[in-house]
Amino acid sequence: MISGFFIFNQKGEVLISRLYRTDLKRSVADVFRVQVVSNTDVRSPIITLGSTSFFHVRVANVYILAVTKSNANAALVFEFCYRFISIAKSYFGKLDEEAVKNNFVMIYELIDEILDFGYPQNSEIETLKHYITSESVRSEIALRDDSKIAAQTTGSTSWRRTGIRYKKNEAFVDVVEVVHMLMSASGTVLRADVTGQVLMRAYLSGMPECKFGLNDKVVLQNSRRAEGETYEAGTVELEDAQFHQCVRLNMFDTDRSITFIPPDGEFELMRYRAESSVHLPLRVQPIVTEVGKTHVDYTIAIKANFNTKLSATEVVLRIPTPLNTTQVECKSPAGKAKYVPAENVIRWQIPRIQGGSEVTLTATASLTQTTDRKPWQRPPLDVDFQVLMFTASGLLVRYLKVYEKSGYNSVKWVRYLTKANGSYQIRF
Amino acid sequence: MSQGAQDGKFFSRGKLQEIRDDLHKALSKGDKKWEKRKAILKRVLANMTMGNDMSSLWGDIMECLNTPLFEVKKMIYLYVMNYARIKAEQIDPAIRALLQDANDRNPLLRALAIRTLAYIPLPIAMESLCDPLRHSLRESDPYVRKTASICVAKMYMFDPRMCEREGLINSLRAQMMDENVTVVANAMAALSEVQERGDLQLIKLNASTALKLTVALNESSEWGQVYILDALMNYVPQRPDDALALTKKLSIRLQNTNSAIVLTTIKVLLYLMNYMNDKDEIEELCHKMGPPLVTLLSSGPEVQYVALRNILLIIQRRPSILRNDVRVFFTKYNDPIYVKLAKLEIMYRLATEKNYKEVLVELGQSASEADVDFARKAVRSIGRLAIKVPNSSDRCIGLLLELIKSDASYVVQEATVVIKDIFRRYPSEYESVIPQLCEKLDLITDDPESKAAIIWILGQYADRIDNSHELLDDLAYTFLEESKEVQFALLTAVVKLFIRKPQDAQGLVAKVLQWATEEVDNPDLRDRGYMYWRLLSSHASAAKDVVLVDMPPISTDTDRMERGALDQLLLHTASLGSIYHKNPEGFIRTARPKYLADSPALNTTSRLVLVRAPDLDAPVHTPAPANILPTTPGGIRELAGSPLLGEMGEDEPEGVSMSMGQLIDEGEGEDDPSVGITGNGNGNGNGSGAGRAGAAYDPYADLGAMLGDGEEEAERRQESQPLF
């Protein structure tokens, strides 16, 4: 298991250094500095030298590093690093060099608690926040709490403490989908799939029992699909679904119901994937012509393929230009288009495209003479966007029921968001 | 919350005397709410972190031990853990304080105390820990009990005999039945570790206890689930039905968002499948594993990498798992290079008659990417695909010729190498491409491997290429400066040329044979030179029969991998070993080999190929556990080439800054990273050295070096047979 946990800044200076086992020396930090921090071409997140293995994750301007001398569970080590990052973000608002330095004592306290002899221990943020705090005085009352905390961190609902009270009981559900799309130059969709998350913010009193329902067929390929079997309209077929540990998987296994006692506050309830009948919100048609060796002409049309009441926002197209481009003239009826020489792209930014509408950009790139005989490789064009209240998979939340023994009423809200972030690519 | 914390100011070099004076002031005068000593301790910890030696403050800091503040205690204990070893003679006050806290009313403090005490690597600390630890393992508070479980593993690492003598291992085993699942999970983790270090089988499970553990999974924290799942690997099913029952309980764990749980579950399921007979049930399980594996590809890039390296192994054993999912492994423009490289290998593996067209488009895109290593491997995959899927070869050749037009030297070189292999698979089908290759001769000959490849082609097809003798004459001009690989290729090619076109090559063959036999040191080259010489001079017609005989075509039978070794390697799914495709004992000094256990339930397929544990009583000649030919994960290969980086010397003084050159490899070879990690050879030690060395000069050896299926050795042998 993990023998040491470190945080480095970009210069390779040690910001946090904690050894859990005597098989490691503090000076391994120097090896990491040489092998990763000052190496411009790092080609693996895991490096093994002799029997020592370095697992690192970069976040903002710091490196999170876990070192082991055993045949550690690599997935576990990285999941732990990710968990540390989310705990730190939740505690300090952000995770960067400044945040690490300003909170280094608390970080030492945290990693002493969540990692024992290199074995990850209870790391539920909400629970941790009740006993790892910067409050300086701990009274006798705190002692009584400590016994409770101790019991809770080891209990079967370690993610939630008892006695939570809200005046207004509310739960917010956000369904966030990322569309991955790759279209060939001839306009065929090579791949289109959706990875979705159901994020929940629960502000509910007591120990609420929640039941959650979607319009999915819950196929999950657990029972083999009969060939050609059809399903009722309006339902969505998920390839896979994975759940937060609060969800009772044994219940899900028996009757496909999603039941759980939620952690307090924000958490990821579910993660899923859909591949069939993905609704692509934006259709891009690029026409790119190389005119001799001096010009490239672009006509890029983008159409919003969804309900007119909705609109796509923060639309950004990155349209590649040849490396020897000197200048680009752009004409567009909507948004701003600008040539960005550093990235070799035309960046076309459109604040809002209403459903059903279409906009077209025309542009001409002028090229310099070049001795390079290589043809232009034409990397794919990509589009980033967000569409609120739309799911590319068609997934909808049907209900969220909350039962608590005190019988209070709760208010539930649901939001949908579909977005693309470097994952919506069109070849031309 | 501490959003407002401003501890960053402590990150400046502190003068020892100044810190000491400040501390004394704080201790002697009023220190309201201990604010002053807190600030001073933070300064000390910050300096400790920066690597400044704070050990001389030991005595002063011990004076703060009585501060009744959790936060201060934690800081002092951190300091103590850090310097205990060099302040061994002054450890007493710290141990006294820890023992006192171990009796506190507050369970969090009790746990902190034993946890800290067990981190102090001194005999006196361990001795004083025994009593409180024995008590803690059984006390009422589960938080203290779960902390105590791990403490036993810590103590075992320090002094195994003391641990056994004090009966702590037995108490730890008793915790396997604890009512609290967190305690059970930690006990499992600790027992697994102790078991790994010692000789005893401590976790003994039967069908009913194994099933009970699956119930504990329902209540366990996510890390706890991983520890329990790992413990299940100690269970050896005695009946196929028992294995099946367990898989039914476990497969739902695949639906967790934590990749460690998903991959560890897959490890257990794959393991249990060895003990199952029902083909339909096995298929059903495979069917369940696919989607969660694909979902892992939406995690962070590091987890994606772990998942991909594992997938590459898993699909070799259970090809049905992702048979229809090749598209999800298409690379994205913004994937990190290590993810792209791992995907590339999977794409090749999953390519079939049905999907090769899409795969080829992808490979073509990859081959024109800026990263040289990636582009090279993509080109190589195209060539491999041509050999693997016969129907694809026309398209593959077409694509390769398209790529050659780019004039990127590495693409041209790589393409030449694979085209040579395509010729060896489909002799005389694609001769028309030779002129196009010859046009790029100046690019090809920059690299020895591709140079050797083009020389082979020129020799093999000497009679179909008008100016082959001129080209070879030209290439042979620098014979004496060439690498061995090229020299061998030249020798053979020139002899072939001479037999096919005697009048054009008389002078050349004499020249090359003379060089090879008189001016080259390499004995193999010299011997081969003499052999050809004698053959040509004594029996020209026999020479033709020997040298120009038709070779059997090469192939890439991807299932020819050693199944038993794969079964053994899959016992390490999710771990480092599964990333490097090496059994851990092959690259980690302290790791022990794991073997699939025999039992009446073991199915015939698995038994047939079972890699058994070496019999300790038998004479030593048991072969080392066989290993499949591992593929090379990105980023690892160059490490192999770097200077030997071995163990950090245990006795190296604290604070001495190390440069790479100063690292000492104390492992004496067993820790040699070039053995452990390159992943290009045969693996651990059973005669792989010869294979590596062979690859260095044999121009035919490279096929599959990248995707390394393990058959190239066999191919080479097969092809060599007619020669001898």
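Strand β10 of chain A, residues 209–214, pairs with strand β22 of chain A, residues 397–403, and the two run antiparallel over six bridges. I should say at once that what we are looking at is a predicted model. Within this pairing, Gly213(A) has Tyr399(A) of β22(A) as its bridge partner. Strand β10(A) is also joined by three bridges to strand β12 of chain A, residues 258–260, and this pairing is antiparallel as well. Here Cys210(A) is matched with Phe260(A) in β12(A). For those less used to such pairings, strands of a sheet are held to one another through backbone hydrogen bonds, in either a parallel or an antiparallel sense.

Let me place these strands in their chain. Chain A has 428 residues, of which 61% count as buried. Its secondary structure comprises seven helices and 24 strands. The C-alpha trace of chain A spans about 80 × 60 × 45 Å along its principal axes. If we take the contacts in chain A between residues at least 6 apart in sequence, 69% of them join residues at least 24 apart.

I turn now to a sheet in chain A. Four strands form an open sheet in the order β14-β15-β20-β17, with antiparallel pairing. Which strands stand at its edges? They are β14, residues 282–291, and β17, residues 325–331; each has a single partner strand, so one side of each lacks a neighbour in the sheet. From one strand to the next, the twist averages 15 degrees. The edge strand β14(A) is joined to β15(A), residues 295–304, by 10 bridges, and these two strands run antiparallel. One of the matched pairs is Glu290(A) with Val296(A), the latter in β15(A).

A single residue deserves a moment of attention. Trp413(A) lies in strand β23 of chain A, which covers residues 411–420. Is Trp413(A) buried, partly exposed or exposed? Its relative accessibility is 44%, and it therefore counts as partly exposed. Setting aside neighbours within four places in sequence, Trp413(A) is in contact with Glu170(A), Ala171(A), Phe172(A) and Val173(A). By contrast, Gly118(A) is 295 residues from Trp413(A) in sequence and 40 Å from it in space, C-alpha to C-alpha.

Next, the helices, beginning with a pair that brings in chain B. Helix α4 of chain A, residues 104–114, packs with α4(B) at an angle of about 75 degrees, their axes being 11 Å apart. The two helices are therefore roughly perpendicular to each other. From α4(A), the contact is made by Val105(A), Tyr108(A), Glu109(A) and Asp112(A); from α4(B), it is made by Glu71(B), Lys74(B), Met75(B), Leu78(B) and Met81(B). By class, these residues divide into five nonpolar, no polar and four charged.

Helix α4(B) has a further partner, this time in chain B. The axes of α4(B), residues 70–83, and α5(B), residues 92–101, come within 12 Å and cross at roughly 135 degrees. This angle makes α4(B) oblique to α5(B). The crossing of α4(B) past α5(B) is left-handed. Which residues of α4(B) meet α5(B)? They are Lys73(B), Tyr77(B) and Val80(B), and they meet Ala94(B), Ala97(B), Leu98(B) and Asp101(B) in α5(B). This contact has five nonpolar, no polar and two charged residues.

To close, helix α4(B) is roughly perpendicular to α4(A) and oblique to α5(B).

Notes. Residues are numbered from 1 along each chain as its sequence is written. Chains are lettered from A and ligands numbered from 1 in the order in which they are written. This is a predicted model: local features need pLDDT of at least 70, side-chain atom pairs count only at pLDDT 80 or more; totals for chains, interfaces and linings use all residues. Side-chain values use heavy atoms; hydrogens and water are left out. Axes are lines fitted to C-alpha atoms, for helices over the stretch in contact, and angles run from 0 to 180 degrees between N-to-C directions. Angles under 35 degrees count as roughly parallel, over 145 as roughly antiparallel, 65 to 115 as roughly perpendicular and the rest as oblique. A crossing is left-handed if the near helix is turned anticlockwise from the far one by less than a right angle, and right-handed if clockwise. Contact means heavy atoms within 4.5 Å. Ala, Val, Leu, Ile, Met, Phe, Trp, Tyr, Cys and Pro count as nonpolar, Asp, Glu, Lys and Arg as charged, and the others, Gly among them, as polar. Two strands pair if DSSP finds at least two bridges between them. Buried means under 20% relative accessible area, exposed over 50%, partly exposed in between (1.4 Å probe, protein chains only).
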